[in-house]
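I opened a fresh page for this one and noted what I looked up as I went. Here is the structure, then my entries.

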Amino acid sequence: MAQNSDGAQVSQETLGRPGPPCAMVIFGAGGDLTKRKLFPALYNLAKGKLLPQEFAIVGVSREQFSSDEFRQRTSQEIRQYLTGDVEQDSWDQFVKRLYYIPGDFKDPELYKKLGETLGQVEKEQNTHGNCLFYLATSPTFFPIVVKLLGAAKLTEEQNGKWKRVVIEKPFGHDLESAVSLNHEIGQVLREDQIYRIDHYLGKETVQNILAFRFANGIFEPVWNRRYVDHVQVTVAEELGVEMRGDYYENAGALRDMVPNHIFQLITLTAMEPPISFEAQAVHDEQTKILRAIQPLNPERVLDHAVRGQYAEGEMDGKRVPGYRSEANVNPASSTETFVALALNIDNWRWAGVPFYLRTGKRLATRSTEIVIRFRRPPFVLFRKTSVEKIAPNELVINIQPNEGISLSFEAKIPGPMVRLGAVNMDFQYSDYFGSRPSTGYETLLYDCMMGDPTLFQRADMVEASWTIVQPILDLWKALPPRDFPNYPAGSWGPEQSLELLRREGREWHDSTKKLTSLKEAAEGMSVLGTKA
């Protein structure tokens, strides 16, 4: 998001204004993230006229390529990973901006060569000395690269030239390491030079949460403990760990998803209205929510945190292996591939409203959604009808795979009897605004160039997130699981996850089941005629 002359946030596509002249240095340019996400996103920005003409990319990696070889390799890979078509003329203009330097990230000589190359790029592409360093590397290299960039004086800002560093997740693996990493990079960079990226925040539906809440007078008045029974956040994946066994063995589902993706969704859903969309104002409100989440003591971890690991099972008619049979995974691994938590936000808006979250691999379907389940109305009016109970209204914000919002409510099924059926009002982004090629990184990369950190994590947000997660990590380390694997591939996770809600008289929203019209409700009377 950018700002107009009055400081108000406005759409870049409305402005049609390209970013400022700059060079982008990608450490880890030979890796999967670069070819699958970064280059397609940058090309989409170029195609949309949101990259400046004075722009260049310098790839840095261990592989021994020349710049010409790097251009050829990238030209072959882009067709595999770009969701739209490659327009040859625009790609030819794009690929001319690519440069490459091979080297060891720990070698100070690499950074000397990088400085020389950036000087060359500035002359050839007129990048004005502005530079965006993107760390698409293993987390072990984050402090090393930042320290050596600083030693080579490549992060110094002089004469109006800006230097920014983008750091991928995970930002630390526990509270202590996150605090340490913040301290180490803070020795080299100011906070406003650091962009801790979370690609989930590049999704339109995530960005739309604030607009949906605060631009519509019918929702914000009921967005509180008086009307909301509970909130659910689900990030479900059908895939297993694929070839990421090495990484996942050291991370697990809790570290991989909760302190970043899921807490970002929770803060945007639960935060108070900021005074503006300026980054500091938004981050202040998000941080307040993180600090209001009650950390779980050891006793509550046992009751309010569930972990699981997938066993072999059947998905789409095919047998798939269990986690312990995946490549680069310990055959006796105790790493969790599923997490469910029940958390409470102790503030005036949300006191007494549980926030349930779950995430896992090899689940029944791929779905990322936020469910706001409202309180049930009084039943007295329907006591002498065939209605057995009234279903609560639900507002579902679908983030992937189909971005949209749906509201479910009860309506009378046509006929002489008073019978209720659940119906949905659905909004799909593609239906109203059309679909466009996107990786989820376009907006984030553009914001980095524009110097807008609104969709990125601040240092105190990172540490507050790990503060919540740390007691769970500690207890799970002290008490290894005895029942792994405890859910079959293709299910919705372990039974304990279902029990987490059942004991409070609640249930998880099932995204595989949806009733969309009164006609369907009437046709399904035998099943749903008295549905709650």
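Before anything else, a note to myself on labels: helices (H or I, at least four residues) and strands (E, at least two) are DSSP runs, numbered from the N terminus. With that settled, I could place proline 170, which sits in the loop between strand S7 (163-167) and helix H7 (175-186). I also reminded myself that this is a predicted model.

**Entry: the whole protein**

I started with the overall counts. The protein has 17 helices and 20 strands. Of its 532 residues, 55% count as buried. I then looked up the surface: about 24,300 Å² is exposed, and carbon and sulfur atoms supply 50% of that. For contacts between residues at least 6 apart in sequence, I wrote down that 77% join residues at least 24 apart.

**Entry: two cis prolines**

Back to proline 170. I checked the peptide bond leading into it from lysine 169, and that bond is cis, with omega near 0°. I found another cis bond between glutamine 400 and proline 401, where omega is about 5°. Where does proline 401 lie? I found proline 401 in the loop between strand S17 (394-400) and strand S18 (404-412). I flagged the cis bonds because most peptide bonds are trans.

**Entry: two positive phi values**

I went on to backbone angles, since most residues other than glycine have a negative phi. Lysine 153 is not a glycine, yet its phi is positive, near 60°. I located lysine 153 in the loop between helix H6 (142-151) and S7. Arginine 362 isn't a glycine either, and its phi is positive at about 55°. I placed arginine 362 in the loop between strand S15 (354-360) and strand S16 (367-374).

Is each of them buried or exposed? Lysine 153 has 54% relative accessibility, so I put it down as exposed. Arginine 362 has a relative accessible area of 11%, so I put it down as buried.

**Entry: histidine 304**

I picked histidine 304, which belongs to helix H11 (residues 298-304). Its relative accessibility is 17%, and the cut-off for buried is under 20%, so histidine 304 counts as buried. Which residues touch histidine 304, leaving aside its neighbours within four places in sequence? I listed Leu296, Ala340, Leu341, Ala342, Leu500 and Arg503. I also looked up the spacing to glutamine 496: the C-alpha atoms of histidine 304 and glutamine 496 are separated by 9.9 Å, while the two residues are 192 residues apart along the chain.

**Entry: H2 and H4**

Next came helix pairs. Two packed helices are described by the angle between their axes and the distance between the axes, so I noted both each time. For helix H2 (residues 32-47) and helix H4 (residues 88-95), the axes come within 10 Å and cross at roughly 115°. Angles of 65 to 115 degrees count as roughly perpendicular, so I wrote H2 down as roughly perpendicular to H4. The crossing of H2 and H4 is right-handed. On the H2 side I saw Phe39, Leu42, Tyr43 and Ala46, and these meet Ser90, Trp91 and Phe94 in H4. By class, that contact of H2 with H4 has six nonpolar residues, one polar and no charged.

**Entry: H8 and H9**

The axes of helix H8 (residues 204-214) and helix H9 (residues 245-270) come within 9 Å and cross at roughly 10°. Angles under 35 degrees count as roughly parallel, so that is how I recorded H8 and H9. Their crossing is right-handed. From H8, I noted Val206, Ile209, Leu210 and Arg213, which meet Leu265, Leu268, Thr269 and Ala270 in H9. The residues of this contact of H8 with H9 divide into six nonpolar, one polar and one charged.

**Entry: H9 again, with H14**

H9 turned up once more. The axes of H9 and helix H14 (residues 459-478) come within 10 Å and cross at roughly 145°, and the crossing of H9 and H14 is right-handed. Leu254, Arg255, Val258, Pro259, Phe263 and Gln264 are the H9 residues I wrote down. In H14 they meet Met461, Ser465, Trp466, Ile468, Val469, Ile472, Leu473 and Trp476. I logged eleven nonpolar, two polar and one charged for the contact of H9 with H14.

Note on methods: Residues numbered from 1 in each chain as written. Predicted model: local features only at pLDDT ≥ 70, side-chain atom pairs only at ≥ 80, totals over all residues. Heavy atoms only, no water. Axes fitted to C-alpha atoms, helices over the stretch in contact; angles between N-to-C directions. Parallel < 35°, antiparallel > 145°, perpendicular 65-115°, else oblique. Left-handed = near helix turned anticlockwise from the far one by under 90°. Contact = heavy atoms within 4.5 Å. Nonpolar A, V, L, I, M, F, W, Y, C, P; charged D, E, K, R; others polar. Buried < 20%, exposed > 50% of the residue type's maximum accessible area, 1.4 Å probe, protein only. Areas by Shrake-Rupley, 256 points an atom, 1.4 Å probe, with all protein chains shown as cover.
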